[in-house]
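Here are a few exercises to work through with the structure open in your viewer. Try each task yourself before reading its solution.

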Amino acid sequence: MTGSPSDEELLAAHLEGDPQAFTELITRHQQRLWAIAYRTLGNASDAEDALQEGLIKALRSAASFRGEAAVTSWLHRIVVNTAIDRIRSQRNGAQEVVDTLADGSEVERATPGNAQGNVELRIMLEQALHELPLDQRVAVILVDVEGYSPAEVAELLNIPAGTVKSRCARGRRRLAARLSDEQFNRDR
Amino acid sequence: MPDPGDHLAGADDAESMQVRQLLRSLPPPQIPTDVADRLYRRLQVELLPRQRVARARVLATAAAVLLLLAAATVASGYRGSKSMVRAEADPAPVASGFSYSADTIAILVPQLLAEIDSIPLADLWQREGTFTHSSAGVDSCMTGIGTKSEAQPVIDLANYDDNPAAILVIPDQATNGEVSQVYVVGLKCSYDDPELKAFVPDVPTALAVGFPE
């Protein structure tokens, strides 16, 4: 075989007993999975817990993966849903997210090396993103930030594609309104 | 059937389009190195027992026979002993009072095993509400951390990094207990949430355990 093995080949190798295959598969995708978990949950600590929990679930259920979707979609679905479950199980989850972001430290750490103006705008945007209702936040993160198509997100979340689109549209409008308010307040 | 959200599909105004562009330009948060390290180690812990099974498939059968022989010898020669190969159904954790940390655990575990017969069993009140309350709880925890050893672990209800924790010392069957796998877990360890705090592989324990010749 030439070149790197595909995701499907790595998963198959894992199921056949290759001790390194699953780790290699995760290493390949951990950056994007981390970004989704981090943005959904709004802080590094919860994102780490969700990522670990989700990937352990994936490991334990690997044998039941039937190949109906791409391996990467399967991994993303598990991590996204684990993050969503985590937020729902936190009694004061929404408030915690807002509080965590209030000082901007987590967001600022996520955007190193940018010009000051861009950093401020992005911090503002990330804060506004985390204040969206959970369903809109997840849809906007997956479609607008991560670049999935609405159809792919529909499959990940097991909801109709139109619902994904409407959640994105509502989320964008809220973000636009929020950014306009911020801009207005800063210009006063 | 029309999708109820479709009417909003083309509803983006100029501001929303601008938001989309901004969102697309957000740089991805980089996974911190320490987070990636912990994730890697956690996956290794989960994978380790499977690796050992794969690597030592031939040795496993022989080791299991040796462990059974050792257990029988211990049961007859060391009645009441808290040796690692005891076969009681009750988990019977001990409470050493040790304060473990990442720096001391590899030293304290052999000491724990060497002094096991003089270390008191944990009181019922100490076990109440923990996974050590029943053998089913211990089994659930061991499955949760990804191991399902034939031998019962030695469990020490102690402190790790100044917090209450359980230290599970599991003899490595493939080496007939010459080394042990040591897991540090929270007191509510279970299959669903093993609360794994630390994992120390291959701690030399043969001399400390004193397996019967």
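Keep in mind that this is a predicted model.

**Exercise 1.** Decide whether Asp162(B) is buried, partly exposed or exposed, then do likewise for Asp161(B).

*Solution.*
1. Start with Asp162(B): its relative accessible area is 66%. The cut-off for exposed is over 50%, so Asp162(B) counts as exposed.
2. Asp161(B) comes out at 45%, which makes it partly exposed.
3. Now find them on the chain. Asp161(B) sits in the loop that links β2 (154–160) to β3 (163–171) of chain B, and Asp162(B) is in the loop between β2 and β3 of chain B too.
4. Check the backbone while you're there. Asp161(B) has a positive phi, near 55 degrees, without being a glycine. Asp162(B), not a glycine either, has a positive phi of about 70 degrees.

**Exercise 2.** Work out how much area is buried between chain A and chain B, and which residues of chain A supply the most of its share.

*Solution.*
1. Count the residues: 48 from chain A are in contact with 38 from chain B.
2. Get the area: about 3800 Å² is buried between the two chains, with carbon and sulfur atoms giving 62% of that.
3. Pick out the top three: Trp34(A), Arg60(A) and Arg172(A) supply 16% of what chain A buries against chain B, more than any other three residues.
4. Look for charge pairing: there are two salt bridges between chain A and chain B. Arg20(B) and Asp144(A) meet through their side chains in a salt bridge, at 3.3 Å from N to O.
5. Add the polar contacts: nine residue pairs between the chains qualify.
6. Ask which element leads on the chain A side: α10(A) gives the most, with 13 residues.
7. Sort that side by class: you get 23 nonpolar, 14 polar and eleven charged residues.

**Exercise 3.** Find the largest nonpolar core and say which elements supply it.

*Solution.*
1. The largest core has 30 residues, and Leu55(A), Trp74(A) and Leu75(A) have the most contacts inside it.
2. Trace the elements: α1 (7–15), α2, α3 and α4 (71–89) of chain A, along with α2 (33–55) of chain B, each supply at least two residues of this core.
3. The biggest giver is α2(A), with eight residues.
4. Zoom in on Leu75(A). Beyond its neighbours within four places in sequence, Leu75(A) contacts Leu25(A), Ile26(A), His29(A), Leu33(A), Leu55(A) and Ala58(A).
5. Finish with the second, separate core: it has 21 residues, including Ile105(B), Leu108(B), Leu113(B) and Ala158(B).

Notes: Residues numbered from 1 in each chain as written. Chains lettered and ligands numbered in written order. Predicted model: local features only at pLDDT ≥ 70, side-chain atom pairs only at ≥ 80, totals over all residues. Heavy atoms only, no water. Contact = heavy atoms within 4.5 Å. Buried area = accessible area lost by both parts, 1.4 Å probe. Salt bridge = Lys/Arg side-chain N within 4 Å of Asp/Glu carboxyl O. Polar contact = N/O pair within 3.5 Å; in protein donor to acceptor, adjacent residues only side chain to side chain. Helix = DSSP H or I, 4+ residues; strand = E, 2+ residues; numbered from the N terminus. Nonpolar A, V, L, I, M, F, W, Y, C, P; charged D, E, K, R; others polar. Buried < 20%, exposed > 50% of the residue type's maximum accessible area, 1.4 Å probe, protein only. Core = buried A, V, L, I, M, F, W, Y, C linked by side-chain atoms within 4.5 Å.
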